[in-house]
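User: I want to learn how to read helix packing and loop geometry in a model of two chains. Please take one feature at a time, with the general idea and then the case shown here.

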Amino acid sequence: MPNDESRESLAEKKLLRALADGNPEAVGQIYEIYGERIFRFTFRLLGNRSDAEDATAETFLRVLRRSAELRADGAFKTWLFRIARNLCIDKIRQHKLIELPPDTPVNGSEERSALRVTVRQALSQLPQDYQDPLILCDLEDFSAQEAADILDISVPALKSRLYRGRRSLRDKLGSLMERTS
Amino acid sequence: MNHELHRKLVDLYGGRELPPDVDAILEAAAATDAELAHDMRTLRETVDTLRADSGAAFTEESYQRILQRIYIRGGNIQPRAATPAALQYQLPMLG
């Protein structure tokens, strides 16, 4: 009997075949499955809702435009996140970000919300090479192999950036907290 | 323990990637080494704090705005959920 994971993978393969055949319902279902994760990921990279929504929409448009190239070989998720990341990097490079206030925290105590803002601020100040592994591995729960595939680097390189990134984040957080205390 | 190995172990400790018995050995070593204890504690706190951030809420409004942007740019997409009436674009009143 197939387990949940193989059932999911079979369902995804079917979906990707439908997408390659130009079925608009298929991309709708892919949006239902991955829309939230792509939005959260782009928000973490871009720091504001409007740009994150824009990058998410553009990611799914790219999926539609390139649907004929899709292969149901299990690499779809990493391919999707790679598209989203590249779009975000382009946006950052173009300096076209609209400066918007950070989202109002929806839950948690004031102290926890303030800490969350400080962590996001510290993270955004790190070099992109450190931000990417931290976002993918520590925030979005990707495995080292998946994150390395998205970033198109080796697993040892990913781990080296991840560990250096955590230390840099600690130093940044320390100085930000000292400044605010 | 050489410096490189020491640093690597602390990195893994910070991310809770060590097996519990190795964790315990490292914690025992930290009991007599204040610098090591500080390095371990602050790194683990940083990673735990980072991981506790659940991210921005994906609201119904964001879900619909993304769909609208896809439609506007010519994307043919059919999600299963219909747009709630409250979130559909309003036409201006004439007259």
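Analyst: Start with handedness: H4(A) and H7(A) cross in the right-handed sense. A crossing is right-handed if the near helix is turned clockwise from the far one by less than a right angle, and left-handed if anticlockwise. Helices here are DSSP runs of H or I with at least four residues, strands are runs of E with at least two, and both are numbered from the N terminus. This is a predicted model, in which local features need pLDDT of at least 70 and side-chain atom pairs count only at pLDDT 80 or more, while totals for chains, interfaces and linings use all residues. Residues are numbered from 1 along each chain as its sequence is written, with chains lettered from A and ligands numbered from 1 in the order in which they are written.

User: At roughly what angle do the axes of H4(A) and H7(A) cross?

Analyst: Two packed helices are described by the angle between their axes and the distance between the axes. Axes are lines fitted to C-alpha atoms, over the stretch in contact for helices, and angles run from 0 to 180 degrees between N-to-C directions. For helix H4 (residues 76-93) of chain A and H7(A), the crossing is at roughly 50° and the axes come within 8 Å. H4(A) is therefore oblique to H7(A); under 35 degrees counts as roughly parallel, over 145 as roughly antiparallel, 65 to 115 as roughly perpendicular, and the rest as oblique.

User: Which residues of H4(A) and H7(A) make the contact?

Analyst: Two residues are in contact if their C-beta atoms, placed from the backbone, lie within 7 Å. On the H4(A) side these are Thr78(A), Phe81(A), Arg82(A) and Arg85(A), and on the H7(A) side Glu146(A), Asp149(A) and Ile150(A). By class, that contact of H4(A) with H7(A) has four charged, two nonpolar and one polar residues. Nonpolar covers Ala, Val, Leu, Ile, Met, Phe, Trp, Tyr, Cys and Pro, charged covers Asp, Glu, Lys and Arg, and the others, Gly among them, are polar.

User: How far apart are the axes of H6(A) and H7(A)?

Analyst: The axes of H6(A) and H7(A) are 9 Å apart, and the two helices pack at an angle of about 140°. That angle makes H6(A) oblique to H7(A), and their crossing is right-handed. H6(A) brings Asp132(A), Pro133(A), Leu136(A) and Cys137(A) against Ala144(A), Ala147(A), Ile150(A) and Leu151(A) of H7(A). The contact of H6(A) with H7(A) has seven nonpolar residues, one charged and no polar.

User: Which residues of H7(A) are buried?

Analyst: Burial is a neighbour count: a residue is buried if 20 or more other C-beta atoms, placed from the backbone, lie within 10 Å of its own, exposed if 12 or fewer, and partly exposed in between. In H7(A) the buried residues are Ala147(A), Ala148(A), Ile150(A) and Leu151(A). Viewed down the axis of H7(A), they fall within an arc of 160°, so they line one face of the helix; the arc is that of the directions from the helix axis to the C-beta atoms. Across chain A, buried residues are 39% of its 181 residues.

User: What phi does Asp152(A), which follows H7(A), have?

Analyst: Most residues other than glycine have a negative phi. Asp152(A) has a positive phi of about 60° although it is not a glycine. Asp152(A) sits in the loop between H7 and helix H8 (155-180) of chain A, and its 11 C-beta neighbours inside 10 Å make it exposed. Asp141(A) also has a positive phi, near 60°. Its place is the loop between helix H6 (128-139) and helix H7 (144-151) of chain A, and Asp141(A) is exposed, with 11 other C-beta atoms within 10 Å.

User: How many residues does each of chain A and chain B put into the contact between them?

Analyst: Chain A puts in 35 residues and chain B 28 residues. On the side of chain A, helix H2 (24-46), helix H3 (49-65), helix H5 (110-124), H6 and H8 each supply at least two residues. H2(A) gives the most, with 13 residues. The side of chain A that touches chain B divides into 17 nonpolar, 14 charged and four polar residues.

User: Where is Asp53(B) found, and is it buried or exposed?

Analyst: Asp53(B) lies in the loop between helix H3 (34-51) and helix H4 (60-72) of chain B. With 17 other C-beta atoms within 10 Å, Asp53(B) is partly exposed. Apart from its neighbours within four places in sequence, Asp53(B) is in contact with Arg116(A), Val119(A) and Leu139(A).
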